[in-house]
Amino acid sequence: MSAIDDLPPLREVVRKYDLMARKALGQNFLFDLNLTARIARASGPLEGATVVEIGPGPGGLTRALLALGTKRVIAVERDARCLPALAEIAARYPGRLTVIEGDALCVDLAALVGNEPARIVANLPYNVGTALLTGWIAAEAWPPWWESLTLMFQREVAERIVADENKPKDYGRLAVLCGWRTRASILFDVAPSAFVPPPKVTSSVVNLVPRREPLPCRLGALEAVTQAAFGQRRKMLRQSLKSLTQAPLALIEAAGLPPTARAEDIPVQDYVALARAWDAMRESR
Ligand code: SAM
C-alpha cells in the first residue's frame with residue numbers, strides 16, 4: 001500500500017516533538033500506517049462516519065481514520081505533549097479533527113458527539129482500557145450513544161471480554177457484562193513488535209456491537225449477582241450467593257437453575273435470570 005497521506009512519517013513526528021513514550025500513560029505507539037489503516041477499517045466503512053478516538057498520541061490511528069474518509073474525528077488525549085503533532089494533522093484535514101485535552105474517564109463523550117451516530121475506535125492505554133470499556137457498556141441509556149467499539153487490548157483482556165461459559169478460565173464479570181449488552185468478537189492479533197516501545201504481550205483488536213434489545217434486567221442487580229458469584233468462582237452458587245442473600249437456594253430456584261450450578265458454568269442468560277429473581281425477592285420483602 002502506498003503512503004496514506006502526505007504528512008511526515010510518525011517516527012519523524014515523534015522525534016520532532018520529543019514524544020518519548022511514558023509508561024504511566026500506557027503509551028505504546030503504532031508507527032505503521034498500514035496497520036493503523038487496518039484497525040480503522042475494522043470498524044466498518046468509514047466514509048462519512050463520526051469517530052471518537054481515545055488517546056490519539058502522535059496520531060497514527062487518527063491519520064488512518066481521516067485518510068479513509070471519516071466525516072469527523074473527535075480525539076481525547078491526556079498528554080499535552082501530543083497536541084502540536086495533532087494540530088498538524090488537524091491543519092491537513094480542515095474542520096474534521098477536534099482534539100480535546102483531558103482524561104477520557106472524565107470527559108462527557110456523548111455530549112461532545114451530540115446527536116450524531118458515532119463509533120469509538122482506539123488503541124487504548126492499557127491502564128485504563130477496562131475502566132473505559134465498562135463505563136461504555138454500563139451506560140444508563142440503552143441502546144447507547146455509540147454505534148460500535150473497535151478497541152485494542154492486551155490479548156488476555158480481549159479473551160476475558162469475549163469469553164463464555166465454554167471458556168471457564170476467561171469467563172467472568174467482564175464477559176457477562178459485555179455478553180449481556182453486546183456481541184463481542186476478537187478480530188485480529190497485533191504482535192508486540194508493532195508497537196514502540198513493544199509491550200511484553202500480544203494485543204488484539206476487539207469489536208463490540210450493542211444488542212438492540214438485551215435481555216431485560218437491572219444493571220445494578222446483574223453487577224451484584226456476578227460480583228457474588230465470581231467472587232468465589234469455583235464454589236457452587238448456593239455457597240457464593242450467601243454474600244447476597246440469606247436464602248441462596250430460593251434465589252437459585254427462582255432463577256430456574258439447578259442447586260449445583262457454579263459461576264463458571266452458567267451462561268449470560270442465567271445471570272440475567274438471577275438478577276431478575278434477586279430484584280423480585282427484594283421487592284417482595
Ligand atoms: N493512538 C496512538 C497509537 O496508536 O499510536 C497511541 C496509543 S497509546 C497505547 C495510548 C494513548 O492514550 C497515549 O497517547 C496516552 O497518552 C493516551 N492516554 C492515556 N491515558 C489516557 C486517558 N485517561 N485519557 C485520554 N488519553 C489517555
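**Helix α4**

I started with helix α4, residues 83-92, in this predicted model. I looked up which of its residues are buried, and found Ala85, Leu86 and Ile89. I then checked how they sit around the axis. They cover an arc of only 95°, so they lie on the same side of α4. I turned to the other side of α4 and found Pro84 and Ala91 exposed there. What do the buried residues of α4 pack against? I noted α1 (10-16), α3, β3 and β4 (97-101).

**Arginine 63**

I went next to helix α3, where arginine 63 is found. Is arginine 63 buried or exposed? I counted 27 C-beta neighbours inside 10 Å, and 20 or more make a residue buried, so arginine 63 is buried. I listed its contacts, leaving aside neighbours within four places in sequence. They are Ile4, Asp5, Leu7, Leu33, Thr36 and Ile89. Ile89 I already had as a buried residue of α4. I also took one distance from arginine 63. Alanine 40 is 23 residues away in sequence, and the two C-alpha atoms are 9.5 Å apart.

**Arginine 38**

I looked at another arginine, number 38. Its place is in helix α2, residues 33-41. I found 16 C-beta neighbours inside 10 Å for arginine 38. That count falls between the limits of 12 and 20, so arginine 38 is partly exposed. I took a distance here too. Isoleucine 120 is 82 residues from arginine 38 along the chain, and their C-alpha atoms are separated by 15 Å.

**Helix α7**

I moved on to helix α7, residues 155-162. Its buried residues are Val157, Ala158, Arg160, Ile161 and Val162. I checked what they pack against. Two helices came up, α6 (129-137) and α8 (173-181). Three strands came up as well: β6 (146-154), β7 (182-190) and β9 (203-210).

**The ligand**

I then asked how many residues surround the ligand, and got 23. The closest are Gly55, Gly57, Ala104, Asn123 and Pro125. I looked for elements that give two or more residues to this shell. They are β1 (29-30), α3 (60-67) and β3 (72-77). Helix α3 is thus on two of my lists, since arginine 63 is found there. I sorted the shell by class: twelve residues are nonpolar, seven polar and four charged.

**Two domains**

Where does the protein divide? I have domain 1 at 10-210 and domain 2 at 219-283. Their C-alpha centres lie 34 Å apart. I counted the residues in contact across the two. Ten residues of domain 1 meet twelve residues of domain 2. On the side of domain 1 that touches domain 2, I found five nonpolar, two polar and three charged residues.

**The whole protein**

I finished with the overall figures. The secondary structure comes to twelve helices and nine strands. The radius of gyration is 21 Å, and the globule rule gives 19 Å for 285 residues. These are close, so the protein is as compact as a globular protein of that length. I noted the span of the C-alpha trace along its principal axes, about 65 × 40 × 30 Å. Buried residues make up 42% of the 285. Last, I looked at contacts between residues at least 6 apart in sequence. Of these, 67% join residues at least 24 apart.

Note on methods:
Residues numbered from 1 in each chain as written. Predicted model: local features only at pLDDT ≥ 70, side-chain atom pairs only at ≥ 80, totals over all residues. Near = placed C-beta within 6 Å. Helix = DSSP H or I, 4+ residues; strand = E, 2+ residues; numbered from the N terminus. Nonpolar A, V, L, I, M, F, W, Y, C, P; charged D, E, K, R; others polar. Arc of directions from axis to C-beta. Contact = placed C-beta atoms within 7 Å. Rg over C-alpha atoms; globule rule 2.2 N^0.38 Å. Domains from an automatic or database assignment.
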